[in-house]
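Biologist: Got a minute to walk me through this one? I'd like to start with a helix and then get to the ligand.

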Amino acid sequence: MTIKALEFVGPMDENTKIADIGCGTGGQTQTLRENTKSSIMAVDLIPQMIEKLKERIWENSLGKRIEGIVASMDNLPFRDEEFDLIWAEGSIYHMGFERGINEWKRFLKHGGYLAVSEVTWLRENPPKEIKKYWTDAYPEIDFTSVKLKQMEKAGYEPVATFVLPEYCWMENYYKPMLPLFDKFLEQQSSSESARKFVEEMKEEISYFEKYKDYYSYTFFIGRRY
Ligand SMILES: C[S@@+](CC[C@H](N)C(=O)[O-])C[C@H]1O[C@@H](n2cnc3c(N)ncnc32)[C@H](O)[C@@H]1O
């Protein structure tokens, strides 16, 4: 899906700069590196994520074009108009879509691109149970049309949107997580917070299995005016 989203972004060369915000261990940072000639500044709040990213750079000989830094997405150490592309896959919800797109705009050059994914409703009138679950978990969940209006209001020209297919949640995210729960609990000596985390993740997965027709992640690609 990273490559698909990248297709909507203008040409990138050796002189263009990308920020990958909430990069995790750098899965899509690597994809961006392999599919552009640009340099990439990858940012995550959790130092262990950046350590893993650095191991990935080393193991895959990704060279000098990636830099990993620990910083919070709501207090980024960037200069105004420093970047040609801001990427945030599965992470902008940590500060909220509307706040994120507004606060990050100044880091983008005029004509620069923003590519972010965000959970959205796919169908009108979701059943009460799933509506309550998501509005409690992430009150900003809404329809694509609402997010597009927010983008325009913030000063971006919408370029494209597409819905992430089910396998992105199930095959790439939830299924690989399931076998790790027991080991995680063992490592954390089944602490209260660890058990709560696992229960919440299992709840999220069971809701997804039941209500996946009603919501998904949508990729939004926009261009700063
Ligand atoms: C669901 S993961 C997505 C990771 C990666 N983008 C991917 O798609 O594989 C969300 C990431 O956001 C990071 N994160 C959470 N709060 C953050 C913050 N305030 N600033 C920067 N990163 C944050 C988490 O550490 C995590 O790595």
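Modeller: Sure. Keep in mind that this is a predicted model. In helix α4, which covers residues 97-104, the buried residues are Phe97, Gly100, Ile101 and Trp104.

Biologist: How are the buried residues of α4 arranged when you look down its axis?

Modeller: They fall within an arc of 90°, so they line one face of the helix. The general pattern is that an α-helix has 3.6 residues a turn, so residues three or four places apart point the same way.

Biologist: And what do the buried residues of α4 pack against?

Modeller: Quite a list: strands β1 (17-21), β4 (83-88), β5 (108-121), β7 (156-163) and β8 (215-224), plus helix α6 (144-154).

Biologist: OK, switching to the ligand. Which residues are closest to it?

Modeller: Gly22, Gln28, Asp44, Met73 and Glu89 are the closest of the 15 residues that surround the ligand.

Biologist: What about polar distances, say to glutamine 28?

Modeller: An N or O atom in the glutamine 28 side chain sits 2.8 Å from a ligand nitrogen. For methionine 73, a backbone N or O atom is 2.8 Å from a nitrogen of the ligand. With leucine 45, a polar backbone atom is 3.3 Å from a ligand nitrogen.

Biologist: How much of the ligand's accessible area does the protein cover?

Modeller: 77% of the 600 Å² that the ligand has on its own.

Biologist: Last one, the overall fold. How many helices and strands are there?

Modeller: Nine helices and eight strands. The radius of gyration is 18 Å, close to the 17 Å from the globule rule for 225 residues, so the protein is as compact as a globular protein of that length. Buried residues make up 48% of the 225.

Definitions and conventions. Residues are numbered from 1 along each chain as its sequence is written. This is a predicted model: local features need pLDDT of at least 70, side-chain atom pairs count only at pLDDT 80 or more; totals for chains, interfaces and linings use all residues. Side-chain values use heavy atoms; hydrogens and water are left out. Buried means under 20% relative accessible area, exposed over 50%, partly exposed in between (1.4 Å probe, protein chains only). Helices (H or I, at least four residues) and strands (E, at least two) are DSSP runs, numbered from the N terminus. The arc is that of the directions from the helix axis to the C-beta atoms. Contact means heavy atoms within 4.5 Å. A residue is near a molecule or strand if one of its heavy atoms lies within 4 Å of it. A polar contact is a pair of N or O atoms within 3.5 Å; within protein, one must be able to donate a hydrogen and the other to accept it, and residues adjacent in sequence count only if both atoms are side-chain atoms. Accessible areas come from the Shrake-Rupley method with a 1.4 Å probe; for residues, only the protein chains shown count as cover. The radius of gyration is taken over C-alpha atoms; the globule rule is 2.2 Å times the number of residues to the power 0.38.
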